[in-house]
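Please work through the exercises below with the sequence and the model open beside you, and try each task before reading its solution.

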Amino acid sequence: MINISIADNHPVVIQGIKCYFKNHPKISINDTIFHLKDIEGCLQEKNIHVLIMDIELEGLYSLNSLKKIIVDNPSTKILIYTNASEKLFGNSSLKIGAAGFVSKSEPLHNIENAILKINEGKTFFSESVHKAVLSAIRYNGDNRLHKKLSLREKEVLGFLVNGKKNNEISELLNLNEKTISTYKLRLLNKLNVTNLIDLVNKAKTLEIV
């Protein structure tokens with residue numbers, strides 16, 4: 001039996017997944033988690049094979065925190081299940097060690113397929129992530145700009161698009177406010193814009209966020 005836990009902010013999502021896997025012959029849901037701080041205890045106390053996790057989970061403000069969970073719990077595979085932009089976070093999540101990335105817009109049977117594949121030691125990409133990878137290979141210019149962004153720059157960009165101020169982002173990422181300003185300047189330069197409004201609009205136009 002594949003033991004899984006679900007880490008998500010939304011009870012309705014958790015309930016939907018529970019209902020889908022009720023009486024499943026190969027998959028059993030052992031625990032539900034609503035905050036990042038509770039993940040470590042759950043994984044240490046229980047034999048969890050796959051953790052279904054929203055990248056926008058309460059308390060998760062940096063992919064570095066996700067990377068730490070992956071490094072500290074090598075026997076548990078992380079399956080990202082989220083509404084967050086796949087083009088912005090899909091490849092990055094997999095690069096830091098996540099075993100899969102599925103959009104919440106995908107049908108629930110994709111989660112089942114992902115869990116079964118991950119349990120076999122493989123990785124699972126949703127269809128939209130495959131398309132994003134192919135698109136990055138095929139096109140030059142603006143269509144490849146998001147490839148120039150570092151993981152931290154992508155995180156800062158995501159917060160900026162969501163209306164966060166420099167001081168708010170510095171607190172969330174535990175970085176100096178001047179450092180956030182530096183990241184903003186880099187983003188303006190890499191996306192070839194001169195102000196925050198154009199930066200946000202271009203990020204949305206290129207579907208980076």
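The exercises that follow concern a predicted model, and each task is followed by a solution in steps.

**Exercise 1. The strands around S3**

Task: Find which strands are joined to S3 by bridges, and work out whether the two faces of S3 are covered.

Solution: Begin with strand S1 (residues 2-7), which is joined to S3 by 4 bridges and runs parallel to it; within this pairing, Ile-6 has Ile-52 of S3 as its bridge partner. Next take strand S4 (residues 77-82), which is likewise parallel to S3 and joined to it by 4 bridges, with Lys-77 of S4 as the bridge partner of Val-50. To follow the chain from S3 to S4, trace it through helix H3 (residues 63-72), and note that this β-α-β crossover is right-handed.

For the faces, recall that side chains in a regular strand alternate between the two faces of the sheet. In S3 (residues 50-53), Val-50 and Ile-52 lie on one side, whereas Leu-51 and Met-53 lie on the other. These four residues are all buried, and both faces of the strand are therefore covered, given that buried means under 20% relative accessible area.

**Exercise 2. The nonpolar cores**

Task: Identify the residues with the most contacts inside the largest nonpolar core, and find which helix gives this core its largest share.

Solution: The largest nonpolar core has 43 residues, and the ones with the most contacts inside it are Ile-39, Met-53, Leu-66 and Leu-157. Its largest share, 5 residues, comes from helix H7 (residues 151-161). A second core, separate from this one, has 19 residues, including Ile-14, Ala-99, Val-102 and Ile-111.

Leu-66 can then be examined by itself: when residues up to four places away in sequence are not counted, Leu-66 touches Met-53, Leu-60, Ile-78, Ile-80 and Ile-96.

Turning to H7, 10 of its 11 residues are buried, and the helix is mostly covered; among the buried ones are Val-156, Leu-157, Phe-159 and Leu-160, together with Arg-152 and Glu-153. The buried residues of H7 pack against H3, helix H4 (86-95), H8, H9 and helix H10 (196-205). Just after H7 comes Gly-163, with a positive phi of about 90°.

**Exercise 3. Three asparagines**

Task: Decide whether Asn-110 is buried or exposed, then do likewise for Asn-23 and Asn-174, and describe the setting of each.

Solution: Asn-110 is found in helix H5 (residues 109-119), and because its relative accessibility is 12%, under the 20% limit, it counts as buried. Its side chain makes a polar contact of 3.4 Å with the side chain of His-109. Leaving aside neighbours within four places in sequence, Asn-110 is in contact with Val-102 and Phe-124.

Asn-23 belongs to the loop between helix H1 (11-21) and strand S2 (27-33), and it counts as exposed because its relative accessibility is 71%, over the 50% limit. Asn-174 lies in the loop between helix H8 (166-173) and helix H9 (177-190); with a relative accessible area of 71%, Asn-174 is exposed.

The last step concerns the backbone. Most residues other than glycine have a negative phi. Asn-23, however, has a positive phi of about 65° although it is not a glycine, and Asn-174, also not a glycine, has a positive phi of about 55°.

How values were computed:
Residues numbered from 1 in each chain as written. Predicted model: local features only at pLDDT ≥ 70, side-chain atom pairs only at ≥ 80, totals over all residues. Heavy atoms only, no water. Core = buried A, V, L, I, M, F, W, Y, C linked by side-chain atoms within 4.5 Å. Buried < 20%, exposed > 50% of the residue type's maximum accessible area, 1.4 Å probe, protein only. Contact = heavy atoms within 4.5 Å. Pairing = 2+ DSSP bridges. Right-handed = clockwise from strand over helix to strand, strands pointing away. Polar contact = N/O pair within 3.5 Å; in protein donor to acceptor, adjacent residues only side chain to side chain.
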